[in-house]
Each structure stands twice: as structure tokens, then as C-alpha cells.
Amino acid sequence: MRPITITAGHGGSDPGAVASGVTERDLMTALRDIVASKLRAKGLSVRTDGVRGINDPLASALHLIAGRAVSPERHTNASTNPAARGVGVIRLPAQKLQAQRVARAIAKVLNTAVRGDGGWIDQRQSARGRLGFVQRGGMVVEVFFISNPAELATYQALSWLVASAIVDAVA
């Protein structure tokens, strides 16, 4: 099997979304590290966008995904509506089923909704439009809404189980 690239999104000086005193960058860097460790424990070859605890700038992740079997990049979502919730995976249509599998696995752990089409979000329907990471074959996994205090607390309590769900869905 080709190596798996696991990236954290944002990075460098970009904190991503910020809520309740935590940053998207820090939460997703920790999740990346847990997922990478679990994949390596299964004997899989893994590359990351930085060493443990360090998240390189997002632009560097684009160079890591070419020729990789799977390249999930972790993000959180944010909204002005503090009740917004759910998980979604932005991926090209050809990988829709894998995106749905990843989203549903995370949603089950967090007891939250799947967004989009069963968890899959076509980048043309995304507020961000075309994404370089997705165009190169990667997937953008929006794990939960950092702006929702209840989802944030649930994620923080269950992050190791979320990592296991991601590993099981992509390994």
C-alpha cells in the first residue's frame, strides 16, 4: 500500500478558528499526531506535515500528498451560530464513498450530524470553493464545530476515540 499522508490544516502562524481559548491548529495538530501514531502501530507508512506537536504551514502540506493512498487533512468548522454542529468531508466526487465512511465514523463517536450528502461535501458546494488540497487528491475533514461549546467539549473528551474512528475508516 502507498504511504498515507496525515496533515493538520493551518499551521505555522495561522491558528485557524479560535474558540474557548483553543485554536483549530493546536487541536488538529494533536489529532494528527494521534492518528499518525495509531496508523504506524498498524505497520502503515505515514507522512505528516510536521514533527510531533509542530504543524508546518498549510502550503507545505500540498507537496506531501502526490502519490499517497489517502491524504486526510483535519480541520474544525466554525459558525456565527453557536448551535451549528456536524462533521463533513470535502473530497472529489470519485472518492465520495470514502468521504462518507470517514464522516460517519467520526459522527458516530461524537454523536453528531453528518453534513452534506451523507457526510460528503463536494468542493463546488463548499463555502471555500475549489481547494488545492482536494484537487490534488486529498480530503479535508471538518471534524466538528469549534464554535459550538458542546461539540468542542465532546471532542476534547473523545479525541482518542475520534482518532481511532479515522484510522479504522482510512486504514
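How near do the axes of H1 and H5 come, and at what angle do they cross? In this predicted model, the two axes come within 9 Å and cross at roughly 35°. The crossing of H1 with H5 is right-handed.

On the H1 side, the contact is made by Leu27, Met28, Leu31, Ile34, Val35, Lys38 and Leu39. Helix H5 contributes residues including Leu152, Tyr155, Trp160, Ala163 and Val167. By class, the residues of this contact divide into 14 nonpolar, three polar and one charged.

Helix H1 covers residues 24-41, and its 18 residues reach 26 Å from the first C-alpha to the last, close to the 26 Å expected at 1.5 Å a residue. Among the buried residues of H1 are Leu27, Met28, Leu31, Ile34, Val35 and Leu39, and each of these six also takes part in the contact with H5. The buried residues of H1 further include Glu24, Arg25, Arg32 and Asp33. Glycine 43, which follows H1, has a positive phi near 85°.

Tyrosine 155 of H5 also belongs to the one aromatic pair found in a search of the whole structure. Its partner is phenylalanine 144; the ring centres are 4.6 Å apart and the planes lie at 15°, so the pair is stacked. Because phenylalanine 144 lies in strand S8 (residues 139-145) and tyrosine 155 in helix H5 (residues 149-170), the pair ties together parts that are eleven residues apart in sequence. Both ring-bearing residues are buried, as the table shows.

| Residue | Relative accessible area |
|---|---|
| Phenylalanine 144 | 0% |
| Tyrosine 155 | 2% |

Methods. Residues numbered from 1 in each chain as written. Predicted model: local features only at pLDDT ≥ 70, side-chain atom pairs only at ≥ 80, totals over all residues. Heavy atoms only, no water. Phe/Tyr/Trp six-rings, centres within 6.5 Å; stacked < 30°, edge-to-face > 60°. Helix = DSSP H or I, 4+ residues; strand = E, 2+ residues; numbered from the N terminus. Buried < 20%, exposed > 50% of the residue type's maximum accessible area, 1.4 Å probe, protein only. Expected span 1.5 Å × (residues − 1). Axes fitted to C-alpha atoms, helices over the stretch in contact; angles between N-to-C directions. Left-handed = near helix turned anticlockwise from the far one by under 90°. Contact = heavy atoms within 4.5 Å. Nonpolar A, V, L, I, M, F, W, Y, C, P; charged D, E, K, R; others polar.
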